[in-house]
Amino acid sequence: MARILTGIQSSGSNGEVHLGNILGAIVPGIELSKKAENEAYFFIADLHSLTTVKDAAIRAQNVRAVAAAWLAFGFDTDKNVFYRQSDVPEVCELTWYLSCFTPFPMLANAHSFKDKSNNLADVNAGLFNYPVLMACDILLYDANYVPVGKDQKQHLEMTRDIANSFNHKYGETFVVPEPMIDERVMVVPGTDGRKMSKSYDNYLNIFLPEKALRKSVMRIETDSTPLEEPKDPDSCNVFALYSLLANKEQIAEMRNNYTAGNYGYGHAKQALFELILDKYAEQRKFYDVLMSSPEEIDAKLLLGAKKASDTARPVLNKVRKKLGFRT
Ligand code: ADP
Ligand code: TRP
């Protein structure tokens with residue numbers, strides 16, 4: 001059995017989960033978790049989000065929204081382990097231990113830190129230490145494989161370095177994890193054609209109520225080709241998004257409409273809107289049910305935390321023992 005583990009940040013200012021997160025992380029993650037040979041540990045990285053989100057109510061809402069999205073897409077929490085990072089505080093203890101073995105320059109060279117370090121007054125020590133906490137998320141649970149986006153590659157290399165050097169000093173202690181970076185995972189474009197991201201405010205949240213969802217679809221940027229004229233599907237954001245969700249026949253039909261003319265971007269957006277409602281009807285319904293009963297989400301996360309603790313405890317004890325602390 002291979003243990004695959006990944007963390008999903010609950011960042012953002014209003015708990016939004018967008019189509020990029022769903023097609024780029026949630027759907028492929030669930031596919032992996034379904035394989036009989038895998039056991040998935042998926043958690044919501046709320047301690048990491050404290051580096052940026054200070055408001056407790058917003059953080060709690062983000063955690064719920066992210067959890068509800070995973071559950072709405074069918075993540076099986078009986079077969080797998082689904083938990084909130086902060087519910088297993090052992091990870092903070094391990095973070096201290098491994099911080100004491102992490103060379104300062106390694107952290108100073110992290111892209112995630114360097115990107116922000118021209119404005120050091122805004123940088124907190126948590127952000128600096130972010131990669132150690134992430135390494136501990138992984139090492140505490142003996143994870144074998146860590147599916148992540150390309151942007152996390154360096155963090156995985158640091159995790160492996162930290163684990164290898166500890167193992168070298170104290171004998172086999174940690175499982176050294178392998179990153180799983182799927183180069184084929186699509187980059188979902190946002191409403192402005194750049195990568196869809198919370199930071200660009202160009203995202204589609206497929207869980208919005210109908211009216212608000214329609215409004216955000218209508219916001220997709222297009223050029224000003226008049227309605228009557230033929231249009232180029234391959235340079236259009238609406239067509240790109242539609243193609244990610246539609247089946248072959250639907251895509252061919254929309255391509256024809258574009259090239260034939262007398263088909264406006266408004267028509268294409270309406271078709272995309274209706275496709276989202278149709279394709280994700282079940283998930284949207286389930287999401288609303290979950291979001292209206294936060295106790296249920298919480299209960300699931302706590303159950304997951306219990307299972308996660310059972311895995312974490314012996315690993316932490318092994319480390320305490322090697323470092324000469326009482327167990
Ligand atoms: P954001 O850029 O909105 O803050 P995150 O960095 O929190 O998104 O990403 C969470 C997960 O969703 C990651 O695994 C990331 O690779 C995936 N993801 C985010 N945006 C996209 C996108 N536009 N296309 C594909 N995957 C994405
Ligand atoms: N840093 C990751 C991100 O921003 C989230 C994360 C935290 C994570 N801990 C992790 C991912 C452990 C994989 C394993 O996407």
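**Exercise 1. Strand 3 and its partner**

Task: In this predicted model, find which residue of strand 3 is the bridge partner of phenylalanine 42. Then place strand 2 among its neighbours.

Solution:
- Step 1. Phenylalanine 42 has phenylalanine 82 as its bridge partner in strand 3.
- Step 2. Tyrosine 41 is opposite valine 81 of strand 3.
- Step 3. Strand 3 covers residues 81–84. It runs parallel to strand 2, and 4 bridges join the two.
- Step 4. Turn to strand 1. Strand 1 and strand 2 are also paired in the parallel sense, over 8 bridges.
- Step 5. Leucine 5 stands opposite tyrosine 41 in strand 2. Tyrosine 41 thus faces leucine 5 and valine 81.

**Exercise 2. Side-chain directions**

Task: Sort the residues of strand 2 and of strand 3 by the way they point. Are they buried or exposed?

Solution:
- Step 1. In strand 2, Asn38, Ala40, Phe42 and Ile44 point one way.
- Step 2. Glu39, Tyr41, Phe43 and Ala45 point the other way.
- Step 3. Apply the cut-off: buried means under 20% relative accessible area. By that test 8 of the 8 residues in strand 2 are buried.
- Step 4. In strand 3, Val81 and Tyr83 point one way, while Phe82 and Arg84 point the other way. All of these are buried.

**Exercise 3. The site of ligand 2**

Task: Describe the shell around ligand 2 and list polar contacts of the ligand.

Solution:
- Step 1. Count the shell. Ligand 2 is surrounded by 14 residues. The closest are Gly7, Tyr130, Met134, Asp137 and Gln152.
- Step 2. Split the shell by class: 8 nonpolar, 5 polar and 1 charged.
- Step 3. Find the elements behind it. Strand 1 (2–9), strand 2 (38–45) and helix 7 (125–139) each give at least two shell residues.
- Step 4. Look at the nitrogen contacts. The side chain of tyrosine 130 puts an N or O atom 2.7 Å from a nitrogen atom of ligand 2. For glutamine 152, a polar side-chain atom is 3.1 Å from a nitrogen atom of the ligand.
- Step 5. Add an oxygen contact. An oxygen atom of ligand 2 lies 3.4 Å from an N or O atom in the glutamine 9 side chain.
- Step 6. Check the burial. Ligand 2 exposes 360 Å² when taken alone, and the protein buries 89% of that.

**Exercise 4. The site of ligand 1**

Task: Repeat the analysis for ligand 1. Which of the contacts use backbone atoms?

Solution:
- Step 1. List the shell. His18, Gly20, Asn21, Gly24, Ala25, Met186, Val187, Val188, Lys195, Met196, Ser197 and Lys198 are around ligand 1.
- Step 2. Split it by class: 5 nonpolar, 5 polar and 2 charged.
- Step 3. Take the backbone contacts. A polar backbone atom of glycine 20 is 3.1 Å from a nitrogen atom of ligand 1. A polar backbone atom of methionine 196 is 2.9 Å from a nitrogen atom of ligand 1.
- Step 4. Take a side-chain contact. Serine 197 has a side-chain N or O atom 2.8 Å from an oxygen atom of ligand 1.
- Step 5. Check the cover. On its own, ligand 1 has 540 Å² of accessible area, of which the protein covers 76%.

**Exercise 5. Domains and serine 293**

Task: State the domain bounds, then classify serine 293 as buried or exposed.

Solution:
- Step 1. The domain assignment gives domain 1 as 2–187 + 293–323 and domain 2 as 210–279.
- Step 2. The centres of the two domains, taken over C-alpha atoms, are 37 Å apart.
- Step 3. Serine 293 sits in the loop between helix 13 (281–291) and helix 14 (294–323).
- Step 4. Its relative accessibility is 13%, so serine 293 counts as buried.
- Step 5. The serine 293 side chain reaches the backbone oxygen of valine 289 at 3.1 Å.

**Exercise 6. Two further residues**

Task: Locate serine 117 and glutamate 157. Classify each by accessibility.

Solution:
- Step 1. Serine 117 is in the loop between helix 6 (111–114) and helix 7.
- Step 2. Serine 117 counts as partly exposed because its relative accessibility is 23%.
- Step 3. Threonine 52 is 65 residues from serine 117 along the chain, and their C-alpha atoms are separated by 15 Å.
- Step 4. Glutamate 157 belongs to helix 8 (residues 153–170).
- Step 5. With 43% relative accessibility, glutamate 157 counts as partly exposed.
- Step 6. Glutamate 157 and phenylalanine 104 lie 53 residues apart in sequence, and 15 Å apart from C-alpha to C-alpha.

Note on methods: Residues numbered from 1 in each chain as written. Chains lettered and ligands numbered in written order. Predicted model: local features only at pLDDT ≥ 70, side-chain atom pairs only at ≥ 80, totals over all residues. Heavy atoms only, no water. Near = heavy atom within 4 Å. Polar contact = N/O pair within 3.5 Å; in protein donor to acceptor, adjacent residues only side chain to side chain. Areas by Shrake-Rupley, 256 points an atom, 1.4 Å probe, with all protein chains shown as cover. Helix = DSSP H or I, 4+ residues; strand = E, 2+ residues; numbered from the N terminus. Nonpolar A, V, L, I, M, F, W, Y, C, P; charged D, E, K, R; others polar. Buried < 20%, exposed > 50% of the residue type's maximum accessible area, 1.4 Å probe, protein only. Pairing = 2+ DSSP bridges. Domains from an automatic or database assignment.
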